[in-house]
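Visitor: Hi, I'm new to this one. Could you walk me through it?
Guide: Happy to, let's put it on screen.

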Amino acid sequence: MSKLSDMGKSRLDRTSEMRLAKFIPSALTILALCAGLTSIRFAFAGDWHTAVSAIVCAAILDTLDGRVARLLKANSLIGAQLDSLADLVNFGVAPS
């Protein structure tokens, strides 16, 4: 009986690892979106150097999220839509 329970526990561990792997690219995208929004806030305050630094940070995070998603095979429809929103804010709204 203990072999069966150990087998079920191992399957549960793999499932939770898979869910975490699908979350990581979206978390990077949300961090990039936050960096873009922070850039807008600093631009309104007139702190241009910090605003540009936040946009550069957003660009780095945007590059990483796509690579991590492909590496972990964690592509999802919601992730693609979230990435499009982040691109719009980070590279369309924030620089202007």
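Guide: What follows is a short tour, one topic at a time.

Visitor: Great. What kind of model is this?
Guide: This is a predicted model. The mean pLDDT of the protein chain is 86, and 81% of its residues reach 70 or more.

Visitor: Where is confidence lowest, and where is it highest?
Guide: Confidence is lowest in α1, with a mean of 79. The highest value goes to α2, at 94.

Visitor: How many helices and strands are there?
Guide: The protein chain has three helices and zero strands. Starting at the N terminus, the order is α-α-α.

Visitor: And what share of the residues is buried?
Guide: Of the 96 residues in the protein chain, 27% are buried. The accessible surface comes to about 6900 Å², and 68% of that belongs to carbon and sulfur atoms.

Visitor: Which residues make up the largest nonpolar core?
Guide: There are six: L33, I40, I55, A86, V89 and A94. The elements giving two or more residues to this core are α1, covering 2-45, and α3, covering 77-93. As a general point, nonpolar side chains tend to be buried together in soluble globular proteins.

Visitor: Let's pick L33. What does it touch?
Guide: Leaving out residues up to four places away in sequence, L33 touches L85, A86, V89 and N90. Two of these, A86 and V89, are also listed in the core.

Visitor: What about contacts across the chain, how many join residues at least 24 apart?
Guide: Taking contacts between residues at least 6 apart in sequence, 77% join residues at least 24 apart.

Visitor: Can I have an example of a pair that is separated in sequence?
Guide: Try V93, which is found in helix α3. V93 and I40 are 53 residues apart in sequence, and their C-alpha atoms are 8.0 Å apart in space. Not counting neighbours within four places in sequence, V93 is in contact with I40 and L88.

Visitor: Why does V93 count as partly exposed?
Guide: V93 counts as partly exposed because its relative accessibility is 43%, and that class lies between the 20% and 50% cut-offs.

Visitor: Now G79. Is that residue buried or exposed?
Guide: G79 is buried, since its relative accessible area is 18%, and buried means under 20%. G79 sits in helix α3. From G79 to T29 there are 50 residues in sequence and 8.1 Å in space, C-alpha to C-alpha.

Visitor: Switching to the outside, which residues make the nonpolar surface patch?
Guide: The patch is made by L20, F23, I24, L71 and L72, and has an area of about 500 Å². Both α1 and α2, the latter spanning 48-72, give two or more residues to the patch. The most comes from α1, with three residues.

Visitor: How exposed is L72?
Guide: L72 is partly exposed, with a relative accessible area of 36%. L72 belongs to helix α2.

Visitor: And K73, where is that?
Guide: K73 is in the loop between α2 and α3. K73 counts as exposed because its relative accessibility is 70%, and the cut-off for exposed is over 50%.

Visitor: What is phi of K73?
Guide: Phi of K73 is near 55°, which is a positive value in a residue other than glycine.

Visitor: Thanks, that gives me plenty to look at!
Guide: You're welcome, enjoy exploring.

Note on methods: Residues numbered from 1 in each chain as written. Predicted model: local features only at pLDDT ≥ 70, side-chain atom pairs only at ≥ 80, totals over all residues. Heavy atoms only, no water. Core = buried A, V, L, I, M, F, W, Y, C linked by side-chain atoms within 4.5 Å. Buried < 20%, exposed > 50% of the residue type's maximum accessible area, 1.4 Å probe, protein only. Helix = DSSP H or I, 4+ residues; strand = E, 2+ residues; numbered from the N terminus. Contact = heavy atoms within 4.5 Å. Patch = residues over 30% accessible without salt bridge, like charges linked within 9 Å, V, L, I, M, F, W, Y side chains within 5 Å. Areas by Shrake-Rupley, 256 points an atom, 1.4 Å probe, with all protein chains shown as cover. Salt bridge = Lys/Arg side-chain N within 4 Å of Asp/Glu carboxyl O. pLDDT = per-residue confidence, 0-100.
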